[in-house]
Amino acid sequence: MPVRPAKILGRWQTGNRHLVPPGALEGGLILAGDTATERWDCLDGLARLRWSMPLGDSPATFKPRVDGDLALVSGRGFLMVHDLDDGRLLWRAEPKSEEFSVPLIADGRVFVGDGFLLRSFDATSGQEIWASETDPAIRIHYGPALRNGIVYLCPGDGVLYAFDATSGKKLWTVDKSEQWQYLRQLHFWGDVLVAGGYHDEVWGISASEGRVLWRFVAGNFVNSHLVHDKGAYFWSPTGWIYKLNPADGLVKWRHRTVDYVTKQDWNWAPLMAELTAGGNRLFCLDMKHVLHVLDIET
């Protein structure tokens with residue numbers, strides 16, 4: 001394996017002891033952690049603090065998300081939306097139940113699970129627009145996804161829900177409780193909804209009608225899959241990184257990450273961080289703090 005040390009372009013001290021994964025925006029980052037939310041402008045490794053706002057008593061849990069001129073920072077117990085330019089706090093909300101799920105900010109709205117409710121807020125004012133029920137016996141943990149005015153959610157009762165993004169009306173449901181408990185990290189490739197299942201599978205589902213198009217058995221749980229350009233990528237604890245064709249679920253390539261039979265110098269540690277891609281490269285960060293860079297085509 002070729003080893004090429006990364007060149008560190010710069011380091012800077014934030015106002016946090018611990019950070020959640022950063023939120024990216026053009027020319028900078030939104031950082032959040034246990035103390036503050038910050039915007040940093042970055043150029044060629046040089047960073048400049050644009051603004052910093054205190055988080056209060058509640059630490060951030062989820063990666064900050066940016067939509068237009070708004071920055072969403074959240075934890076299990078709060079949602080906060082800041083003006084991206086100057087950091088002003090526009091609004092804050094707290095859950096009606098015990099905790100919020102992973103949120104989504106898109107098209108001027110915030111969508112978030114709150115207990116068994118899916119709630120929608122105006123992203124600028126914080127006014128609640130609607131709240132729709134799922135199964136009262138479950139609690140939503142994973143984030144919804146939005147495409148063409150439809151919000152998709154599979155919260156844990158084995159049902160994939162499609163809600164009208166404007167009204168919250170339930171458009172259709174697909175009950176696959178015998179095959180999945182929940183679907184996490186919903187991504188789109190055209191009309192194909194690519195989702196990671198609870199029972200060691202990756203699914204391709206028609207976003208227009210909920211029909212299953214393909215199913216790939218990964219052999220173990222699927223963590224942090226990525227849909228990018230013409231591929232769906234994920235790591236399986238069986239010891240492989242896969243690239244699937246999102247149209248039909250067929251394997252384009254797989255790259256071995258660990259030999260479980262014999263101890264090898266090249267063995268990777270497990271992966272928990274999200275895979276990311278840029279240009280023709282796939283970036284994979286393992287739990288021994290090693291960044292592996294793969295050619296995205298081969």
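**Entry 1: Terms and model**

I call a residue buried under 20% relative accessible area, exposed over 50%, and partly exposed in between, with a 1.4 Å probe and protein chains only. I am working with a predicted model, in which local features need pLDDT of at least 70 and side-chain atom pairs count only at pLDDT 80 or more, while totals for chains, interfaces and linings use all residues. Residues are numbered from 1 along each chain as its sequence is written, and side-chain values use heavy atoms, with hydrogens and water left out.

**Entry 2: The whole chain**

I looked up the secondary structure and found zero helices and 27 strands in the protein chain. Helices (H or I, at least four residues) and strands (E, at least two) are DSSP runs, numbered from the N terminus. The radius of gyration is 20 Å, close to the 19 Å that the globule rule gives for 298 residues, so the protein chain is as compact as a globular protein of that length. I note that this radius is taken over C-alpha atoms, and that the globule rule is 2.2 Å times the number of residues to the power 0.38. Along its principal axes, the C-alpha trace spans about 55 × 50 × 30 Å.

I then turned to the surface and the interior. Of the 298 residues, 49% are buried. The protein chain exposes about 15000 Å², and carbon and sulfur atoms supply 50% of that area. Accessible areas come from the Shrake-Rupley method with a 1.4 Å probe; for residues, only the protein chains shown count as cover.

For contacts (heavy atoms within 4.5 Å), I looked at pairs of residues at least 6 apart in sequence; 35% of these contacts join residues at least 24 apart.

**Entry 3: An aromatic cluster**

I searched the whole structure for aromatic pairs and recorded 13. Rings of Phe, Tyr and Trp (its six-membered ring) pair if their centres lie within 6.5 Å; planes under 30 degrees apart count as stacked, over 60 as edge-to-face and the rest as tilted. I examined Phe-111 and Trp-130, whose ring centres are 6.1 Å apart and whose planes stand at 45 degrees, so the pair is tilted. Phe-111 belongs to strand S10 (residues 109-114) and Trp-130 to strand S12 (residues 128-133), so the pair ties together parts that are 19 residues apart in sequence.

Both residues have a low entry in my accessibility column: Phe-111 is buried at 1% relative accessibility, and Trp-130 is buried at 6%. Together with Tyr-161 and Phe-163, Phe-111 and Trp-130 form one aromatic cluster.

**Entry 4: Thr-134**

I next looked up Thr-134, which sits in the loop between S12 and S13. Thr-134 counts as buried, at 6% relative accessibility. Beyond its neighbours within four places in sequence, Thr-134 is in contact with Phe-116, Ile-140, Leu-153, Pro-155, Tyr-161 and Phe-163. Two of these partners, Tyr-161 and Phe-163, are members of the aromatic cluster. The C-alpha atoms of Thr-134 and Leu-160 are separated by 10.0 Å, with their positions 26 residues apart along the chain.

**Entry 5: Two positive phi angles**

Most residues other than glycine have a negative phi. I therefore noted Asn-148, a residue other than glycine whose phi is positive, near 50 degrees. Asn-148 is in the loop between strand S13 (145-147) and strand S14 (150-153), and it is exposed, at 64% relative accessibility. Gln-185 also is not a glycine and has a positive phi of about 50 degrees. Gln-185 is placed in strand S17 (residues 183-189) and is partly exposed, at 22% relative accessibility.

**Entry 6: Two further loops**

I found Gly-239 in the loop between strand S22 (231-236) and strand S23 (240-244). Gly-239 is buried, with a relative accessible area of 0%. Leaving aside neighbours within four places in sequence, its contacts are His-255, Arg-256, Thr-257, Val-258 and Tyr-260. Gly-239 and Trp-130 are 109 residues apart in sequence, and their C-alpha atoms are 43 Å apart in space.

Ala-247 is in the loop between S23 and strand S24 (251-256) and is partly exposed, at 39% relative accessibility. Not counting residues up to four places away in sequence, Ala-247 touches Trp-189 and Trp-214. From C-alpha to C-alpha, Ala-247 and Asp-191 are 9.3 Å apart in space, although 56 residues apart in sequence.
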